[in-house]
Amino acid sequence: MDSRGCLKVAAPLREVHGRQLNSLNESYMLPADVTEHTRLDLQHDMLTTRIGGLFLCPESVSRALEPRQGVRPAVLDVGTGSGSWAIAVARMFPHADVVGLDLAPVNPISQPPTNCQFECGDVNNDLTRFYGRFDVIHARAIIQGIRDYPAFLQEVVKMLRPGGVFISLEAQFELFDAARKPFGAQISSDPNYSWMHKLLTSAGKAMRARNPGLPELERIPSRLAELGDVWQEISSTVLYTPIGDWDPQMPPIERQVGELMARNCLQFTEAARPLLSSLGEPSEVVETWISNTQRELREAKVKQYGRFFQRISAASSELDKPEGIKLFNTCQLPSLAPTPSPAKEHMDTTDKTQNPALKELFGRMVNNTNDAYMLPADLIEHARLDSQHEAICLILGAAFPRQSGVDRLLSPRPDGYKPRVLDIGTGAGSWAIAIAKAYPHVEVVGLDVAPVNASTTSPENCRFEQGDAHTDLDRLGCFDVIHARAVLQGIKDFTACFAQVAAILNPGGIFLTIEPEMSLFDEAKEPFGIQDVNDPNCFWSQKLFTAYYEATIKRNPGFAELPKVRRILESLAEDPWERIAGDTFYLPVGPFLEDRLGPASQRIAGELMRQASMKMPRGIQPLLILHGYSPEDLNRWAALAEDQMTNMTVKFYMKLEYFTSSPVAMSSDNPPGLKEFDGRLYNTTSESYLLPADNTEHRRLDTQHQAIITMLGGLTPAGSGVDELLATPAEH
């Protein structure tokens, strides 16, 4: 069994409106990509916090799964998504076998235990292989993909063993006001108008159009009762979840649920784009719904609840199985043939055999251009970068430090000037897309050594270029803002890189660099020391972080200069900066901050950072294996680090440092013979020569001059006769 669980069938994915969807079931139109699985992890945390565990009926589940002579208990998770629930149950009941079934490959956030397996398949199709096999069947948020729900319930009965338990949890596709009354029909002028309600009901309408058999949630208990005496008992619970922590009187646990629910809804707005687009509405209308809903959720001005229904059905111990059905009373479930891991299967957006920018290394895709940068460049890594981006934005209050001056520089100008922004090492494109959406009049370019897997559609004013910051900055032109976040591990010469940035940064522009320190920090914000693997209190994330830093420096000795970034910026030749400023901030890794210690944004950022950090131990494995660590040790350390983060047994921070550097601003008094246009200086003598004539252009010409000399081996081509012609008379 591989490190991410077994997959019996690897179903291909299809792209719809920039997202990856399953190819087995046309009715289910939510994505099946890593970004969506990250949202499902967040939703899982929200629901388990609201319920107080994995299920409302722990006694019934424990009774159904208690060890029995000659029978190995078994659990089926229908529509397992990211596999969070299945993995948690497998850990809770290590003596039971757990199978997660889904339309697409899973991307689990942590290492599945050996008693957890995953299959791809559609529950609308033949399930006879599962008859009589399970003691607990769990189905959460799958109803939109079930074409005939009564028939599905009949299959559930056939798959359950006598005395088994069926757990169903579904969300209602409408919202409720502060009094928990349905919003119903809305008028857009209503001060309490809910765009989230509009988006959710539109999504429900689209689901029903694609799946006419979609049942009313309120009728599910009667559907269960229609099956007759197969159930010993049926219980139903309604769960209201606040969207945001808008009520200061909420208990702390409810506020935490509200914060998680708001983040879940925020990510759902993008996930719902393919589904909403299937209604036939113009893309501009769908974009308006999404953007207005996102603004509403971020501002938290509308007091609203979501509603979930949980049904628990306990099968009779005298359950009659259909003729020909065999109860699986063996000590182990039939094994599922191992296949490539979901991480590899999910890389369908990139052709490994034809894209020369990528190469496979120990099961992950890495860039094939810059051998100093060894973090992956696949969808799993880009989902990690998306979560990290969201966390940083929450802590900073924007996509950049508010005091950096970026907002002032990018604000619309009366003269219609169109600023240009460059994002070096754009990764998943999150920052570039956020800036392009916030400033639609600005041109944004994202540069990366690998193809971008953006989790949302890029606006028209944002484009991505593939290239290396060592060689490709000059060809992109000049910019007003240049942003570089967590990229210096791939830069071999900081001085040369910063000089190149200064050369393409317009006078008065801003260079913003943000880098993490290569240590983790405790609750007192003191760095953790060296960790001993033989110490029972070893902090495994710090151990892996330190190993990663050492391995990176071995490949790129220049990265050892990371603590000297400010000094290097200050010592550049020709002193190009008018101002250099800097500061630090801390990112909590986990939602461990209490109300009194910080705003809700810090706790949400902590949860996002935990999601991002859970992907890090596996992401750095290719580099550490090359550095000489054994895969067995790394898998063990990763599992221990993931366990510590899951249970928050160690509360810790990541520390980031940023610097803003601004070139000397252009004087308002233009030198004689020069005129200003679009922020650049041009000559006033020749109308046919249209390139600039300012310091930025002269720096570019200096760089070009040095490159030509290097290529020619001198100031003139060998054999041109120039040297002989210019020789002194004595030499003649």
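Select helix α1, residues 34-51. Its 18 residues should span 26 Å at 1.5 Å a residue, and the end C-alpha atoms lie 25 Å apart, which agrees; the expected span is 1.5 Å times one less than the number of residues. Helices here are DSSP runs of H or I with at least four residues, strands are runs of E with at least two, and both are numbered from the N terminus.

The model is predicted: local features need pLDDT of at least 70, side-chain atom pairs count only at pLDDT 80 or more, and totals for chains, interfaces and linings use all residues. Residues are numbered from 1 along each chain as its sequence is written, and side-chain values use heavy atoms, with hydrogens and water left out.

**Helix α1 and its partner**

Colour α1 by accessibility. Of its 18 residues, 16 are buried, so the helix is largely enclosed by the rest of the structure. Buried means under 20% relative accessible area, exposed means over 50%, and partly exposed is in between (1.4 Å probe, protein chains only). Step past the end of the helix to glycine 52, which follows α1 and has a positive phi near 90°.

Now add helix α11, residues 379-396. Two packed helices are described by the angle between their axes and the distance between the axes. The axes of α1 and α11 come within 9 Å and cross at roughly 50°. That makes α1 oblique to α11. Axes are lines fitted to C-alpha atoms, for helices over the stretch in contact, and angles run from 0 to 180 degrees between N-to-C directions. Angles under 35 degrees count as roughly parallel, over 145 as roughly antiparallel, 65 to 115 as roughly perpendicular and the rest as oblique. The crossing of α1 past α11 is right-handed, the near helix being turned clockwise from the far one by less than a right angle. To see the contact (heavy atoms within 4.5 Å), show Val34, Thr35 and Thr38 of α1 with Leu379, Ile380, Ala383, Asp386 and Ser387 of α11.

**Two buried residues**

Go to threonine 80, in the loop between β3 (74-78) and α3 (84-92). Threonine 80 is buried, with a relative accessible area of 7%. Its C-alpha atom is 5.7 Å from that of leucine 101, 21 residues away along the chain. Neighbours within four places in sequence aside, threonine 80 is in contact with Ala86, Gly100, Leu101, Asp102, Val106 and Phe118.

Next select histidine 197, in helix α5 (residues 195-210). Histidine 197 counts as buried at 4% relative accessibility. Beyond neighbours within four places in sequence, histidine 197 touches Glu174, Leu175, Phe183, Gly184 and Gln186.

**The seven-stranded sheet**

Show the open sheet of seven strands, ordered β14-β13-β12-β15-β16-β18-β17, with mixed pairing. Two strands pair if DSSP finds at least two bridges between them. The edge strands are β14 (462-466) and β17, each pairing on one side only. From one strand to the next, the twist averages 15°.

Within the sheet, pick β12 (residues 420-424) and β15 (residues 479-485), which run parallel and are joined by four bridges. Valine 421 has valine 481 of β15 as its bridge partner. Add helix α13 (residues 430-438), which packs on the sheet and touches β12, β13 (443-448), β14 and β15. The direction of α13 makes about 155° with that of β14. Then add helix α15 (residues 540-555), which lies across β16 (505-521) and β18 (653-663) and runs at about 125° to β16.

**Three loop residues**

Most residues other than glycine have a negative phi. Alanine 300 has a positive phi, near 55°. Find alanine 300 in the loop between α9 (283-299) and β9 (305-315); at 37% relative accessibility it counts as partly exposed.

Aspartate 575 also has a positive phi, about 45°, although it is not a glycine. Aspartate 575 sits in the loop between α16 (565-570) and β17 (577-588), and is exposed at a relative accessible area of 52%.

Proline 356 is in the loop between α10 (342-345) and β10 (358-361). Proline 356 counts as exposed at 65% relative accessibility. Draw a distance from its C-alpha atom to that of alanine 450: the two are 94 residues apart along the chain and separated by 9.5 Å.

**The whole protein**

Zoom out. The protein has 22 helices and 20 strands. Of its 732 residues, 56% count as buried. Among contacts with a separation of 6 or more, 71% are between residues 24 or more positions apart.
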